[in-house]
Amino acid sequence: MRLEYFQMVDRIAALDPEARTVLAECSVPDASPVFEGHFPGHPLLPGALMIETIAQTGGWLVLATLRFRRMPFLAQVKEAKMRAFVVPGQTLQTEARLLHDGSGYAVVAGSISSAGRKVADAEITYRVVPFPNETLRAQMLETARRVAVPEAFLNG
Amino acid sequence: MSSTFETVAGIISETCDIPREKITPESHAINDLGIDSLDFLDVAFAIDKAFGIKMPLEQWTQEVNEGKVSTDEYFVLGNLCANIDKLVAAKAA
């Protein structure tokens, strides 16, 4: 994770658009400017970034399902629960399941676990729209390769 | 259509916190009920789930934007329910 760049997902460990599931690995950095403010002397991964992590993980699933023809943008967060503190150096597994692939929107349910214990979960709704420009699409494809989204799901 | 309307009205009432008695087949979802686009996503999700369909919202939006139909065709609830019935029938066929 590079929190200050909003890079929440380190690696896609498993992705199956047919089964509508994704699993991602995310390592919380030992140090980040984020921790200087949240909180001084007691660094914690902000809950907002846990939600972002779930949203990005589910976002990779939506992108793969649509073979990167459209871009999901966060539209709604429901039932978000931060169940435990997450601290620097912690390893996280984030999973998401596509609940519905609607027309112009998608809904996923996702959760974050650490050492087998659920630390956060939420239901995420995305607006799914054509890429606003080729620059963003190219960047998303580059990032997809960095986090190991299988090549088979990048085009089609 | 009547049972479709009852289901849709119930969904709108619950999702958008609108008193059920204010929702009629003549109600326009945006102009009369004040449902915004984000709330409509919730409504669409609930309708898709309830009827096992995928409402072609993007196609409908395009038709409205191109001036082929007025918003009444898809946002007046009686018309919306008729369109849902068509989608359900098409799925069953």
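## Chain A and its contact with chain B

Me: What radius of gyration does chain A have, and why does that agree with a compact globule?
Reply: In this predicted model, chain A has a radius of gyration of 15 Å, which agrees with a compact globule because one with 156 residues would come near 15 Å; the radius is taken over C-alpha atoms, and the globule rule is 2.2 Å times the number of residues to the power 0.38. Local features need pLDDT of at least 70 and side-chain atom pairs 80 or more, while totals for chains, interfaces and linings use all residues. Residues are numbered from 1 along each chain as its sequence is written, and chains are lettered from A in the order in which they are written.

Me: Which pattern does chain A follow along the sequence?
Reply: The pattern reads β-β-α-α-β-β-β-β-α, where helices (H or I, at least four residues) and strands (E, at least two) are DSSP runs numbered from the N terminus.

Me: And what is Ile54(A) in contact with, sequence neighbours within four places aside?
Reply: Its partners are Thr94(A), Ala96(A), Gly110(A), Ile112(A), Ala120(A), Ala122(A) and Ile124(A), a contact being two residues whose C-beta atoms, placed from the backbone, lie within 7 Å.

Me: Switching to chain B, how many of its residues are in contact with chain A?
Reply: Eleven residues of chain B are in contact with nine of chain A.

Me: Which elements of chain B give two or more residues to that side?
Reply: They are α2 (37–51) and α3 (57–65) of chain B, and the largest share, six residues, comes from α2(B).
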